[in-house]
Amino acid sequence: MDHDRGPYDPDPVAEQDLWFLPGDGGEDEGLPPGPRAERVRLFDPNRWQAAQDQLSRPLAELAALFGALDERLRGAPEGWHQRLALLEVADLGWWTGDRIASDRLALWVGLRLGATGEDAQAVIRAGWAVRRLSAGPGPSDGGWEAGLAAFLGRAAADGERPESLADLADFMADTAALHPVTQGAMLFHGWRMLGPERAGQGATIDVEAAVLAARHAAGAGRGGALFLPLALTGPTALRATGTEAERLGAWIAGAAQATQAALLQLDRLRDWDARARAATTDLSGRTPPALITALAAWPMISAPLAEAITDASRAAVQRNLDRFATRGLIRELTGAGRYRVWAAQV
C-alpha cells in the first residue's frame, strides 16, 4: 500500500474496494437482467403528426364542414350560439352519466334554479360547460399554462397550480405545428389522463376535457363558431381508444357528424324564425318578437325564464305562448302550472 497517499487524494489505488461509492451510472444497478423497455413520451407530437398526415382527407372534410358552421354563426343572432351550447352539453351528459334535461339546464343557466338534490353538482358542472362553450377566452389565450389555469379556474391565490396543469401545458406547447382539431384531440386525451388527481372527480375531468378540446379546436375557424361540436350525434369522438391514428380518426369522424347535425339545426332554426315572425305580424306589442328570440336561443323555455328574458308580465308571456302553440309554432312539453315548458317546433 502507498502510505504517501492521503484520505482525500483523487484516483484511489486499484486495490481499494470502494463498495460504498455509487456506480458509474453506465447500467441501472439493482434492476433484474433482461431487455429494457424503450422510454417514450406520453404524448409525442411526432406520432400525432403522423396520424394527422394519415387522416388528411377526413380532416380536410371536417375543416370544410366547420368552416360552413363558422360562416353561418358569424351572421346569426347571439342566442343561436347559446342554443348550440345547451344542446351540446345536454348530449355530453349522456356520455358522462350526468343526463341533465334541457329544461333543468336552461333553468340553471338562465335563473340559477334547479341545482338541488343528489345531482346538484352535475347541474352546476353542466352550467359551467355551457358558459365556457358560449363565451369567454379560449384555453390557450395568454399562453398555455396561464390560459388553461384561467379557463379551468385553477389560478390559485398563491400563484401555484396543479402539477398536472403544468404537464398539460408543457406537452401542448410542442404542438404548434399541428392542426387545431388534432391539438383538441390531444387536449382531450391529455387532460383525462393527467387531470384525475382529485379522487371522485371523474365526471368533472371528462366534462372539462371535452370543453377544453371543443373550444380550442374552434381555432380552425374565423371566430363565428366558438366551439367544435363533439357530442350532438353521440359520443363517437369521446370514446376513442387505441393508437394515435385510431383516436384521431374517431375524433374527426365524431366531430364531423356533430358538426353536420349543428348545421342542420341552424337551418331548421332559421326557417322556424322566419315562419314564426311571419305568423305573428298581427300580434301587437314587444312581447311576441321577444319571445321568438328567446325560443330560438333556448331549446326549452319555461314561463319564469320567458318572463325574465322578455321582461314581460307573466300574463303577457302565458297569453302569447298559448297563441304560439295554437298557431303551431311551439309545443308544450310539460303540464300546467308555473313551470310549464315549451319548445319551438323547429
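## Salt bridges

A salt bridge here is a side-chain nitrogen of Lys or Arg within 4 Å of a carboxyl oxygen of Asp or Glu. The structure is a predicted model. By this rule, 17 salt bridges are counted. Side chains of opposite charge can pair when their charged atoms come close.

R104 and D119 form one such bridge, with the closest N and O atoms 2.5 Å apart. R104 sits in helix 4 (residues 102-111), and D119 sits in the loop between helix 4 and helix 5 (120-134). The two residues are 15 residues apart. R104 is partly exposed because its relative accessibility is 24%. D119 is partly exposed too, at 27% relative accessible area.

## Bridges between helices

R72 pairs with D267 in a salt bridge. Their closest N and O atoms are 2.4 Å apart. The pair links distant parts of the chain, 195 residues apart. R72 belongs to helix 2 (residues 56-74), and D267 belongs to helix 10. R72 counts as partly exposed at 29% relative accessibility. D267 counts as partly exposed at 23%.

D206 and R192 also meet through their side chains, at 2.8 Å from N to O. D206 lies in helix 9 (residues 202-217) and R192 in helix 8 (residues 180-194), so this bridge ties together parts 14 residues apart in sequence. D206 has 16% relative accessibility, and buried means under 20%, so D206 counts as buried. R192 is partly exposed, with a relative accessible area of 31%. Elsewhere, D44, R47, E244 and R247 are joined into one network by salt bridges that share partners.

## Overall make-up

The protein has 13 helices and three strands. Of its 346 residues, 46% are buried. The accessible surface comes to about 17400 Å². Carbon and sulfur atoms account for 51% of that surface.

Contacts reach far along the sequence. Among those between residues at least 6 apart, 65% join residues at least 24 apart.

## The nonpolar core

In soluble globular proteins, nonpolar side chains tend to be buried together. The largest nonpolar core in this model has 100 residues. Which of them touch the most other members? They are L69, L238, W251 and W272. Helix 10 (residues 244-279) gives the most to this core, with 13 residues.

W251 illustrates the packing. Leaving aside neighbours within four places in sequence, W251 contacts V181, G184, A185 and F188. The list of W251 contacts also includes A213, L230, A237 and L238. Of these partners, L238 is itself among the core members with the most contacts to other members.

## L55 and its partners

L55 occupies the loop between helix 1 (45-54) and helix 2. Is L55 buried or exposed? L55 is buried, with a relative accessible area of 14%.

Which residues does L55 touch, not counting those up to four places away in sequence? They are A245, L248, G249 and I252. L55 and G249 are 194 residues apart along the chain. Their C-alpha atoms are separated by 6.8 Å.

## Helix 3 against helix 11

Helix 3 (residues 78-96) and helix 11 (residues 287-297) come together with their axes within 7 Å. The axes cross at roughly 35°. From helix 3, the contact is made by G79, W80, Q82, R83 and L86. From helix 11, L295, A296 and A297 take part.

What kinds of residue make up this contact? Five are nonpolar, two are polar and one is charged.

## Positive phi values

Most residues other than glycine have a negative phi. R99 has a positive phi of about 50°, although R99 is not a glycine. R99 is found in the loop between helix 3 and helix 4.

D311 also has a positive phi, near 60°. D311 lies in the loop between helix 12 (303-310) and helix 13 (314-326). D311 is exposed, with a relative accessible area of 60%.

How values were computed
Residues are numbered from 1 along each chain as its sequence is written. This is a predicted model: local features need pLDDT of at least 70, side-chain atom pairs count only at pLDDT 80 or more; totals for chains, interfaces and linings use all residues. Side-chain values use heavy atoms; hydrogens and water are left out. Axes are lines fitted to C-alpha atoms, for helices over the stretch in contact, and angles run from 0 to 180 degrees between N-to-C directions. Helices (H or I, at least four residues) and strands (E, at least two) are DSSP runs, numbered from the N terminus. Contact means heavy atoms within 4.5 Å. Ala, Val, Leu, Ile, Met, Phe, Trp, Tyr, Cys and Pro count as nonpolar, Asp, Glu, Lys and Arg as charged, and the others, Gly among them, as polar. A nonpolar core is a set of buried Ala, Val, Leu, Ile, Met, Phe, Trp, Tyr and Cys residues joined through side-chain atoms within 4.5 Å. Buried means under 20% relative accessible area, exposed over 50%, partly exposed in between (1.4 Å probe, protein chains only). Accessible areas come from the Shrake-Rupley method with a 1.4 Å probe; for residues, only the protein chains shown count as cover.
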